[in-house]
Amino acid sequence: MEEYSYIEKPKRLKSVVVINVIFAITVVTALVVVILFSTTFMTIAVVGNSMSPTLKNGDKLLLVKHGYKLNRGDIVVFQREDSNNVKRILGLEGDVIQFDLDNMTWIVNGEVYEEEYIEGSYSDNYFYMSKTEVKEAIFSKKGLVVPQGHMFVLGDNRNIQEGNVSIDSHVYGTLDTSSIMGKVIKIY
């Protein structure tokens, strides 16, 4: 006849329960992370130097995909011509955007917009690629009015050499907000 040890059985049962609880917590945590990153967050790598010195080639960005409020100065990632772009918001819908060539500064709603994140001066060819209608609007007394559902975005690097400039709103005009993939909340 077999004899059972009642002392060992509860110990074994406790360890099995603890292992099952740890496994369940791990699975639930992994599922929550997968769900959050597939619905709310996104990571992306920076390619290029148009946002230098703020962002460097290879930097990783954590984006929130929805539920955010956009403000002037925020960095956003958007899709344009089948590629991801990272730029900073200068103008929101309804804003009047102008450029003062004498002082090389952006004017938003009649006031100089201070940009502490800009290093150096503008390259000689900064406005070379700009569409004629964009140049005419931002250099005029009237300015460029950002339409509803759009924004005016710029790269932080205004002094890219060798004929290259940041391809942003100073080149192609305002950006439709529906193309925004997310707002940058962390740089790492």
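## Exercises: rings, a helix and a sheet

In this predicted model, the charged end of arginine 80 sits over the ring of tyrosine 172, 3.7 Å from the ring's centre. Arginine 88 does likewise with tyrosine 117: its charged end sits over that ring, 3.6 Å from the centre. Keep both in view while you work through the exercises.

**Exercise 1.** Work out what kind of aromatic pair phenylalanine 99 and phenylalanine 139 make, and where the two residues sit.

*Solution.*
- Step 1: Start with the whole structure, where a search turns up 9 aromatic pairs.
- Step 2: Take the rings of phenylalanine 99 and phenylalanine 139: the centres are 6.3 Å apart and the planes are at 65°. Rings pair if their centres lie within 6.5 Å, and planes over 60 degrees apart count as edge-to-face. So this pair is edge-to-face.
- Step 3: Now find them in the chain. Phenylalanine 99 belongs to strand E5 (residues 96-100) and phenylalanine 139 to helix H2 (residues 132-139), so the pair links parts of the chain 40 residues apart.
- Step 4: Check accessibility. Phenylalanine 99 has a relative accessible area of 5%, so it is buried, while phenylalanine 139, at 32%, is partly exposed.

**Exercise 2.** Classify the pair of tyrosine 126 and phenylalanine 127, then see which cluster they join.

*Solution.*
- Step 1: Their ring centres are 4.9 Å apart with 85° between the planes, which again gives an edge-to-face pair.
- Step 2: Tyrosine 126 and phenylalanine 127 are both buried.
- Step 3: The two belong to one aromatic cluster, made of Phe99, Trp106, Tyr122, Tyr126, Phe127, Phe139 and Phe152.

**Exercise 3.** Decide how the buried residues of H2 are arranged around the helix, and what they pack against.

*Solution.*
- Step 1: List the buried residues of H2: Val134, Ala137 and Ile138.
- Step 2: Look down the axis of H2. These residues fall within an arc of 90°, so they line one face of the helix.
- Step 3: Turn to the face pointing away from the buried side, and you meet the exposed residues Thr132 and Glu136.
- Step 4: Follow the buried residues outward: they pack against E5, strand E6 (105-108), strand E8 (144-145), strand E9 (150-154) and helix H3 (169-172).

**Exercise 4.** Sketch the sheet with the order E7-E6-E5-E8 and place H2 on it.

*Solution.*
- Step 1: Draw an open sheet of 4 strands in that order, with antiparallel pairing.
- Step 2: Mark strand E7 (111-112) and E8 as the edges, since each pairs on one side only.
- Step 3: Join E5 to E8 with 2 bridges; isoleucine 97 has leucine 144 in E8 as its bridge partner.
- Step 4: Lay H2 across E5, E6 and E8, at about 85° to E5.

Technical notes: Residues are numbered from 1 along each chain as its sequence is written. This is a predicted model: local features need pLDDT of at least 70, side-chain atom pairs count only at pLDDT 80 or more; totals for chains, interfaces and linings use all residues. Side-chain values use heavy atoms; hydrogens and water are left out. Rings of Phe, Tyr and Trp (its six-membered ring) pair if their centres lie within 6.5 Å; planes under 30 degrees apart count as stacked, over 60 as edge-to-face and the rest as tilted. Buried means under 20% relative accessible area, exposed over 50%, partly exposed in between (1.4 Å probe, protein chains only). A charge sits over a ring if NZ of Lys or CZ of Arg is within 6 Å of the ring centre and within 35 degrees of the ring normal. The arc is that of the directions from the helix axis to the C-beta atoms. Contact means heavy atoms within 4.5 Å. Two strands pair if DSSP finds at least two bridges between them. Axes are lines fitted to C-alpha atoms, for helices over the stretch in contact, and angles run from 0 to 180 degrees between N-to-C directions.
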